[in-house]
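Please open the structure in your viewer and keep the selection panel at hand. The tour below goes from one selection to the next and says what can be found at each stop.

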Amino acid sequence: MNLRNLTRLAAFSALLASVSVAAPAALSQECPVELSALGRVGFDDVWAAVQSIPNQRGEYETTAVFEARQYAALTEIDPVYWIEMPLNGEFVSYDADTERLIVPVYAAYAGFLITATSANRLFGVGSDYARRYINLVGVRARSESIDTGSYRGETGLGVQRNVRQVDQITRYLFERVDRTGSLLNQRRQAQPDDVWFGVSVPPADARQVREGGFWSVVYAPAAPFWASGEATTRPSVSVAVERREIDRALTGDIQCLLLHKANGEVVAFRATR
């Protein structure tokens with residue numbers, strides 16, 4: 001990764017270097033919507049809704065007609081979503097002497113920078129979206145491997161083998177780095193131990209974050225709204241697996257981020273602008 005990309009990645013990973021304990025009045029100032037009116041949902045629920053928005057203009061379609069189709073679809077879905085995100089408690093640490101809870105970037109699967117390869121796979125090689133959204137940074141919502149079947153295959157040397165078929169699905173939320181007024185515009189040198197959340201909490205709360213806790217984002221869809229792409233890795237002599245890599249990305253405005261205990265209670269939050 002070059003220095004420019006490293007700096008852009010650092011900007012996003014530094015987003016929550018300091019956070020506040022969530023008091024209701026303060027939280028309402030940090031998040032632009034009433035969270036209790038939203039209800040937390042999973043990425044796949046939002047993906048199913050946002051996919052109804054057209055994200056490609058037809059070859060013989062005027063811009064006005066295309067935008068009218070998008071607007072019509074937008075009126076049928078929610079303008080804002082509260083999405084639950086995974087947290088790897090193994091990497092969360094707590095200092096009982098200072099009562100400081102630290103969630104590093106890698107524990108939240110955060111700070112991902114989209115590459116040219118991923119942009120082309122998601123938005124299409126050479127497309128306007130791929131060129132425009134190459135500056136996206138984001139967070140990984142969830143990744144999973146699903147066994148989809150098997151078949152009897154033959155290597156180039158004529159060896160018969162049982163080949164396992166696997167779908168590797170990765171989900172992303174992306175936002176433009178250069179959004180005006182966003183904390184994503186901050187610049188500092190990247191460090192391997194960048195803090196995603198750092199908050200003062202009592203031991204009991206820290207335990208509930210580390211053991212079953214999660215974090216969440218408030219997300220508003222914005223063009224191009226969504227993208228998907230896939231590539232297949234063929235089996236080899238040494239690895240008898242046919243792997244289909246599926247990327248699913250939502251794009252929009254990431255408005256605020258929250259850290260939760262296992263019971264859903266918010267212990268930290270931060271607006272992104």
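Which residue follows α7, and what is the sign of its phi? Select G212, the residue that follows α7, and read its backbone torsion: phi is positive, near 100 degrees. Bear in mind throughout that this is a predicted model, so each value quoted here is computed from predicted coordinates.

**The whole chain**

Before going further into α7, show the whole chain, in which 7 helices and 11 strands are assigned. Of its 273 residues, 45% are buried, and the accessible surface of the chain comes to about 13700 Å², with 50% of that belonging to carbon and sulfur atoms. If you draw the contacts between residues at least 6 apart in sequence, 73% of them join residues that are at least 24 apart.

**Colour by confidence**

Next, colour the chain by pLDDT, which averages 77, with 73% of the residues scoring at least 70. The lowest confidence in the chain is in helix α1 (residues 3-13), at a mean of 38, whereas the highest is in α3, at 95. Select residues 1-26, over which the pLDDT is below 50, although this stretch has 69 contacts in the model beyond near neighbours in sequence. Then select residues 179-192, where pLDDT also stays under 50 and where the model has 37 contacts beyond four places in sequence.

**Helix α7**

Return now to helix α7 and select residues 203-210, among which D205, A206 and V209 are the buried ones. Looking down the axis of α7, you will find these buried residues within an arc of 100 degrees, so they line one face of the helix. Turn to the other side of α7, and there A204 and R207 are exposed. To see what the buried residues of α7 pack against, add β3 (93-95), β4 (100-104), β10 (241-260) and β11 (266-271) to the selection.

**Helix α3**

Move to helix α3 by selecting residues 43-50, and mark F43, V46, W47, A49 and V50, which are buried. These residues cover an arc of only 165 degrees around the axis, which puts them on the same side of α3. On the other side of α3, D45 and A48 are exposed.

**Q70 in helix α4**

For the following stop, select Q70, which lies in helix α4 (residues 63-74). Is Q70 buried or exposed? Its relative accessible area is 11%, and because buried means under 20%, Q70 counts as buried. To see its surroundings, show I53, P54, N55 and F225, with which Q70 is in contact once its neighbours within four places in sequence are left aside.

**Salt bridges**

The last part of the tour follows charged side chains. Side chains of opposite charge can pair when their charged atoms come close. The structure holds 13 salt bridges, and three of these stops are described below. 

Begin with R40 and E84, whose side chains meet in a salt bridge at 3.3 Å, N to O. Because R40 lies in strand β1 (residues 40-41) and E84 in strand β2 (residues 81-85), the pair ties together parts that are 44 residues apart in sequence. R40 is partly exposed, at 35% relative accessibility, and E84 is likewise partly exposed, with a relative accessible area of 35%.

Next select D44 and R171, which form a salt bridge whose closest N and O atoms are 2.8 Å apart. This pair links distant parts of the chain, since D44 is in helix α3 and R171 in strand β7 (residues 160-176), 127 residues apart. Here D44 is partly exposed, with a relative accessible area of 31%, whereas R171 is buried, with a relative accessible area of 2%.

Then select E230 and R244, a salt bridge in which the closest N and O atoms are 3.4 Å apart. E230 belongs to strand β9 (residues 214-233) and R244 to strand β10, and the pair links distant parts of the chain, 14 residues apart. E230 is partly exposed, with a relative accessible area of 45%, and R244 also counts as partly exposed, at 31% relative accessibility.

To finish, add E144 to the selection of D44 and R171: salt bridges that share partners join D44, E144 and R171 into one network.

Key: Residues are numbered from 1 along each chain as its sequence is written. This is a predicted model: local features need pLDDT of at least 70, side-chain atom pairs count only at pLDDT 80 or more; totals for chains, interfaces and linings use all residues. Side-chain values use heavy atoms; hydrogens and water are left out. Helices (H or I, at least four residues) and strands (E, at least two) are DSSP runs, numbered from the N terminus. Buried means under 20% relative accessible area, exposed over 50%, partly exposed in between (1.4 Å probe, protein chains only). Contact means heavy atoms within 4.5 Å. The arc is that of the directions from the helix axis to the C-beta atoms. pLDDT is the predictor's confidence in each residue, from 0 to 100. Accessible areas come from the Shrake-Rupley method with a 1.4 Å probe; for residues, only the protein chains shown count as cover. A salt bridge is a side-chain nitrogen of Lys or Arg within 4 Å of a carboxyl oxygen of Asp or Glu.
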